Amino acid sequence: MSSLLRQLTNTSRLPARLSVMQPHRNNTSGHRQPAANATGHFKSLAISSPKPFVFHVELNRPKKLNAISREMWIEIKDCFEALAINPDCRAIVLSAAGKHFCAGIDLSSMMSMGEQMGEYDDVARKGVILERTIKLYQDSISSVERCPKPVIMAVHQACIGAGVDLITAADIRYSTQDAFFQVKEVDIGMAADVGSLQRLPKAIGSQSLARELCFTGRRFEAAEAERSGLVSRTFVDKDALLAGALALAEDIAGKSPIAIQTTKESMVYSLEHTNQEGLDHIRIINKLHLQSEDFAQAVAAQLTKDEKPVFAKL
């Protein structure tokens with residue numbers, strides 16, 4: 001696993017055929033440019049870099065409606081941990097191939113876990129298997145939130161169960177007008193344990209609505225999701241959705257990576273801390289970052305109305 005991460009985050013030392021996450025190249029044909037041999041490393045994700053410093057991560061199990069298997073849980077974590085330290089990545093769009101964004105957890109993976117637990121009679125040992133599995137799934141989703149690069153979710157059609165876990169860990173959520181959302185875990189006899197119960201109330205700002213959705217598992221249509229703040233924009237179809245998400249990512253990627261990543265770090269930190277703790281946190285960071293060349297370049301460009309500054313990789 002460690003060797004894979006080194007390959008993903010140090011593409012300059014690899015031949016193109018081995019590099020999963022190559023930086024954007026000029027593309028005179030006008031078509032999007034897939035990252036070289038992405039599927040050679042990720043079986044359940046497709047990775048491309050369609051614009052400078054922008055990466056597009058696509059859930060790629062369309063025949064399974066992008067239900068999240070154990071393999072996909074692991075690959076999501078590996079992918080976002082690699083992009084977190086990839087200097088050629090400044091913003092990420094996550095979408096999904098096929099008819100639906102995500103049908104939830106792959107129940108066949110849960111059955112495999114049940115078979116593994118069946119090898120033991122001791123409850124404590126069964127519990128260890130469950131605890132390790134849940135922690136793996138939690139860490140997978142949290143890798144999206146921990147990634148210092150802004151993550152934009154582009155959701156179409158169904159986003160159910162683990163799909164809601166995934167999108168609530170992102171920074172920005174867009175959807176199609178026909179999208180719908182469900183915290184479905186209660187309908188299979190369990191409480192959600194991978195992030196929805198913790199992040200959904202903060203994402204929509206209403207404990208009442210969040211609890212209604214989590215207690216009932218009812219459909220939550222795109223219009224209601226936009227009104228409540230779960231998504232900030234809706235689009236007429238998937239093509240328009242992806243175009244809008246990528247345009248936003250391109251705009252963000254053109255700004256100072258120090259400024260953007262510090263902004264995300266401060267906002268994520270402040271979710272779990274008092275206002276004063278958040279102020280203390282950003283003050284300590286900015287006593288260094290206000291001395292950055294990015295700050296000087298951006299201020300000079302604003303004062304002189306000069307061309308947009310070009311920032312060094314981070």
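This is a short talk on a cavity, a surface patch and two loop residues in one structure.

Okay, before anything else: this is a predicted model.

Let's start on the inside. How many cavities of 30 Å³ or more are there? The count comes to one. The space in that cavity is about 60 Å³. In case you're wondering how anyone finds a hole like that, rolling a probe the size of a water molecule over the atoms shows where empty space is left.

So what lines the cavity? Going along the chain, you've got Val164, Phe181, Gln182, Val183, Leu200, Leu213, Arg218, Phe220 and Leu230. Sort that lining by class and you get seven nonpolar residues, one polar and one charged. Gln182 counts as the polar one and Arg218 as the charged one.

Now out to the surface. Leu290, Phe295, Val299 and Leu303 make up a nonpolar patch there, and together they have about 390 Å² of accessible area. Take Val299 from that group: it sits in helix H12, residues 293–304. Val299 has a relative accessible area of 34%, so we call it partly exposed.

Last stop, the loop between strand S2 (54–59) and helix H2 (70–84), where you'll find Leu65. Leu65 isn't a glycine, yet its phi is positive, about 55°. Asn66 is in the loop between S2 and H2 too, and its phi is also positive, near 60°, again in a residue other than glycine.

Buried or exposed, then, for Asn66? Buried, because its relative accessible area is 0%, and the cut-off for buried is under 20%. Leu65, on the other hand, comes in at 35%, so that one is partly exposed.

Terms used. Residues numbered from 1 in each chain as written. Predicted model: local features only at pLDDT ≥ 70, side-chain atom pairs only at ≥ 80, totals over all residues. Heavy atoms only, no water. 1 Å grid on protein atoms, 1.4 Å probe; cavity = no way out; pocket = protein on both sides within 12 Å on 5 of 7 lines; lining within 4 Å. Points joined across faces, edges and corners; volume = space filled by probe spheres on them. Patch = residues over 30% accessible without salt bridge, like charges linked within 9 Å, V, L, I, M, F, W, Y side chains within 5 Å. Areas by Shrake-Rupley, 256 points an atom, 1.4 Å probe, with all protein chains shown as cover. Salt bridge = Lys/Arg side-chain N within 4 Å of Asp/Glu carboxyl O. Helix = DSSP H or I, 4+ residues; strand = E, 2+ residues; numbered from the N terminus. Buried < 20%, exposed > 50% of the residue type's maximum accessible area, 1.4 Å probe, protein only.
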